[in-house]
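Colleague: I have the sequence and the model open side by side. Can we go through them together, starting at the DNA?

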Protein chains: 2
Amino acid sequence: MTAQEAETAARMFKALGDPVRLRLFSAVASHEGGEACVCDISDVGVSQPTVSHHLKKLKEAGLLTSERRGTWVYYRVEPSVLAAMGKLLTTADAA
Amino acid sequence: MTAQEAETAARMFKALGDPVRLRLFSAVASHEGGEACVCDISDVGVSQPTVSHHLKKLKEAGLLTSERRGTWVYYRVEPSVLAAMGKLLTTADAA
DNA sequence: CGTCTATGTTGACATATGTCGAACCAAGTG
DNA sequence: CACTTGGTTCGACATATGTCAACATAGACG
């Protein structure tokens, strides 16, 4: 595993390395239709700006995408990235 | 996913959220016999104390175990934890 | 247009993190 | 016992991170 590969992969793991982000991510992933409005998942125990901040981080890490539809903003998971991380874990030998 | 579950899982993701740790972890996992002496994996571009520091973090996160055999200290991966993280990723919906 | 609701952005601040050099411990060797 | 090699711990420091309150923006709706 090269330094650059590690850098890229570490960004994704790091994004999930915060309890609030992990819960937000899980909430989006488990929500009906694979997407969730912010208002549906923002009861994680922190203030609303903090939720927004974490969602932005997850988006920057490439784990989520967002789309505004009218009043609400919907987040959905990026499936390919999920698969890549899982593979990296189960076949760490080959990495 | 409860706050406590998230806290526990996030610790593991966080541990892999640093490029140096990810490389160390990958190096141990991919090493012959599933274990590696520190001297075998310490060429990741940081000083040796830093390597030791990161290995300690990985150990605290439950991802690695260490054992001293004579002069050298050997690290090996904790397979169960790996499986748990992989499962958490691929079935984020059920989490 | 004005205003209300839903999100995002900014600024500030306390704490955590990654890094190193120096000092320290552990085992082997003379 | 002194010396060397492998590894950890300590102390310090710069930077990153998580958090909030305050402010800003985007649509909806009258």
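Modeller: Keep in mind that this is a predicted model. On the surface near DNA strand C, helix H3 (38–41), H4 and E3 of chain A each supply at least two residues. From the other chain, H4 of chain B does so too.

Colleague: Which element gives the most to the surface near DNA strand C, and with how many residues?

Modeller: Both chains have elements on this surface, H4(A) and H4(B) among them. The top contributor is in chain A. It is H4(A), with six residues.

Colleague: How many residues surround DNA strand C, and which are the closest?

Modeller: The count is 24 residues. By class, they are ten nonpolar, ten polar and four charged. The closest come from both chains: Cys39(A), Pro49(A), Val46(B), Thr50(B) and Gly70(B).

Colleague: Turn to DNA strand D. Which element gives the most there?

Modeller: Helix H4 (48–60) of chain A supplies at least two residues of that surface. So do helix H3 (38–41), helix H4 (48–60) and strand E3 (72–77) of chain B. With six residues, the top contributor is H4(B).

Colleague: Which residues are the closest to DNA strand D?

Modeller: Here 24 residues surround the strand. They divide into ten nonpolar, ten polar and four charged. The closest are Ser47(A), Gly70(A), Cys39(B), Pro49(B) and Ser52(B).

Colleague: What rotation superposes chain B on chain A?

Modeller: The fit has an RMSD of 0.1 Å, with 0.0 Å of shift along the axis. The two copies are therefore related as by a two-fold rotation axis. The same surface serves both copies, as 100% of the contact residues of chain B recur in chain A. The rotation is 180°.

Colleague: Which elements of chain B give two or more residues to the side that touches chain A?

Modeller: In the contact between the chains, 27 residues of chain B meet 27 residues of chain A. The side of chain B that touches chain A holds 16 nonpolar, six polar and five charged residues. The elements are helix H1 (3–15), helix H2 (19–30) and helix H5 (79–90) of chain B.

Colleague: Now take one chain alone. In what order do the elements of chain A run?

Modeller: Chain A has five helices and three strands. Its C-alpha atoms fill a box of roughly 45 × 25 × 20 Å along the principal axes. From the N terminus on, the order is α-α-β-α-α-β-β-α.

Colleague: What share of the residues in chain A is buried?

Modeller: The chain has 95 residues. Among its contacts between residues at least 6 apart in sequence, 54% join residues at least 24 apart. The buried share is 35%.

Colleague: Which are the edge strands of the sheet in chain A?

Modeller: Three strands form an open sheet in the order E1-E3-E2, with antiparallel pairing. An edge strand pairs on one side only. That fits strand E1 (35–37) and strand E2 (64–69) of chain A.

Colleague: What is the average twist from one strand to the next?

Modeller: Within this sheet, six bridges join E2(A) to strand E3 (residues 72–77) of chain A. One of the pairs is Leu64(A) with Val77(A). From one strand to the next, the twist averages 25°.

Colleague: Which helices pack on the sheet, and at what angles?

Modeller: Helix H2 (residues 19–30) of chain A touches E1, E2 and E3, and its direction makes about 90° with that of E3(A). H4(A) touches E2 and E3 of chain A. H4(A) makes an angle with E2(A) of about 120°.

Colleague: Is Arg69(A) buried or exposed?

Modeller: Arg69(A) lies in strand E2 of chain A. Its C-alpha atom is separated by 37 Å from that of Thr90(A), 21 residues apart along the chain. A residue with 12 or fewer C-beta neighbours within 10 Å is exposed. Arg69(A) has 9 inside 10 Å, so it counts as exposed.

Colleague: Back to chain B. Which residue in the hairpin of E2(B) and E3(B) takes a positive phi?

Modeller: Six bridges join the antiparallel strands E2 (residues 64–69) and E3 of chain B. Arg68(B) stands opposite Val73(B) in E3(B). The hairpin has two residues between the strands. The residue with a positive phi, near 65°, is Gly70(B).

Terms used
Residues are numbered from 1 along each chain as its sequence is written. Chains are lettered from A and ligands numbered from 1 in the order in which they are written. This is a predicted model: local features need pLDDT of at least 70, side-chain atom pairs count only at pLDDT 80 or more; totals for chains, interfaces and linings use all residues. A residue is near a molecule or strand if its C-beta atom, placed from the backbone, lies within 6 Å of it. Helices (H or I, at least four residues) and strands (E, at least two) are DSSP runs, numbered from the N terminus. Ala, Val, Leu, Ile, Met, Phe, Trp, Tyr, Cys and Pro count as nonpolar, Asp, Glu, Lys and Arg as charged, and the others, Gly among them, as polar. Copies are superposed by least squares on the C-alpha atoms of residues with pLDDT of at least 70 in both. Two residues are in contact if their C-beta atoms, placed from the backbone, lie within 7 Å. A residue is buried if 20 or more other C-beta atoms lie within 10 Å of its own, exposed if 12 or fewer, and partly exposed in between; C-beta atoms are placed from the backbone. Two strands pair if DSSP finds at least two bridges between them. Axes are lines fitted to C-alpha atoms, for helices over the stretch in contact, and angles run from 0 to 180 degrees between N-to-C directions.
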